[in-house]
Amino acid sequence: MIPTQATGGVKIPQAVRDCTRSRILAYAKKHYSGKYTRIDVRFRGQLCYIDAYTEPYVPPNFDASVKMGSENGVKSMFDPWG
């Protein structure tokens, strides 16, 4: 078996997790503020996973009343299965 980062090692202690989470969030706030809506930091075994979430771009002229697909019997040219 080829060793990988996920094999072996020691679980990260809770105190180190808390400190690491705080440092990651502080760094993200200082250097990336406004570029994300939420940061998720989680630990699994000896690994740390960081996810940054953003909202999708919605153009100013977007019409939310237009439905995609063939709901209510109305066909759309965007419906790939229509």
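Helices and strands are here DSSP runs, of at least four residues for a helix and at least two for a strand, numbered from the N terminus. Counted in this way, the protein has one helix and two strands. The model is a predicted one.

## Overall layout

Read from the N terminus, the order of the elements is α-β-β. The protein has 82 residues, and 12% of them count as buried. Its accessible surface is about 7,400 Å², and carbon and sulfur atoms account for 58% of that area. Among contacts between residues at least 6 apart in sequence, 28% join residues at least 24 apart.

## Helix 1

Helix 1 covers residues 14-32, which makes 19 residues. At 1.5 Å a residue the expected span is 27 Å, and the end C-alpha atoms lie 26 Å apart, so the two values agree. The buried residues of this helix include Arg17, Ile24 and Ala28. Viewed down the helix axis, the buried residues fall within an arc of 35°, and they therefore line one face of helix 1. Strand 1 (38-44) and strand 2 (47-53) are among the elements that cover these buried residues. On the other side of the helix, Ala15, Arg23, Lys29 and Lys30 are exposed. After helix 1 comes Gly34, which has a positive phi, near 90°.

Helix 1 also has a place in the aromatic pairing of the model, where the count comes to one pair. The partners are Tyr27 and Tyr32, with ring centres 6.3 Å apart and planes at 50°, so the pair is tilted. The angle counts as tilted because stacked pairs have planes under 30 degrees apart and edge-to-face pairs over 60. Tyr27 is partly exposed, at 47% relative accessibility. Tyr32 is likewise partly exposed, with a relative accessible area of 42%.

## The nonpolar core

The largest nonpolar core has six residues: Ile12, Ile24, Ala28, Ile39, Val41 and Phe43. Helix 1 and strand 1 each provide at least two residues of this core. The most comes from strand 1, which gives three residues.

Val41 shows how one core residue is surrounded. Apart from its neighbours within four places in sequence, Val41 is in contact with Arg21, Ile24, Leu25, Cys48 and Tyr49.

Ile12, another member of the core, is located in the segment before helix 1. Its relative accessible area is 19%, so Ile12 counts as buried, the limit for buried being under 20%. When residues up to four places away in sequence are set aside, Ile12 touches Arg17, Phe43, Gly45, Gln46 and Leu47.

## Positions outside the helix and strands

Gln46 is in the loop between strand 1 and strand 2. With 24% relative accessibility, Gln46 counts as partly exposed. As noted for Ile12, Gln46 is one of the residues that Ile12 touches.

Thr54 belongs to the segment after strand 2. At a relative accessible area of 52%, Thr54 is exposed, the limit for exposed being over 50%. Thr54 nevertheless has contacts with Lys35, Tyr36 and Thr37, leaving aside neighbours within four places in sequence.

The table lists C-alpha distances for three residue pairs that are separated along the chain.

| Pair | Separation in sequence | C-alpha to C-alpha distance |
|---|---|---|
| Thr54 and Thr37 | 17 residues | 5.2 Å |
| Ile12 and Phe43 | 31 residues | 7.9 Å |
| Gln46 and Pro13 | 33 residues | 9.3 Å |

The pair Ile12 and Phe43 also appears in the contact list of Ile12, and both residues belong to the largest nonpolar core. Thr37 is likewise among the contacts of Thr54.

Conventions. Residues are numbered from 1 along each chain as its sequence is written. This is a predicted model: local features need pLDDT of at least 70, side-chain atom pairs count only at pLDDT 80 or more; totals for chains, interfaces and linings use all residues. Side-chain values use heavy atoms; hydrogens and water are left out. The expected span of a helix is 1.5 Å times one less than its number of residues. Buried means under 20% relative accessible area, exposed over 50%, partly exposed in between (1.4 Å probe, protein chains only). The arc is that of the directions from the helix axis to the C-beta atoms. Contact means heavy atoms within 4.5 Å. A nonpolar core is a set of buried Ala, Val, Leu, Ile, Met, Phe, Trp, Tyr and Cys residues joined through side-chain atoms within 4.5 Å. Accessible areas come from the Shrake-Rupley method with a 1.4 Å probe; for residues, only the protein chains shown count as cover. Rings of Phe, Tyr and Trp (its six-membered ring) pair if their centres lie within 6.5 Å; planes under 30 degrees apart count as stacked, over 60 as edge-to-face and the rest as tilted.
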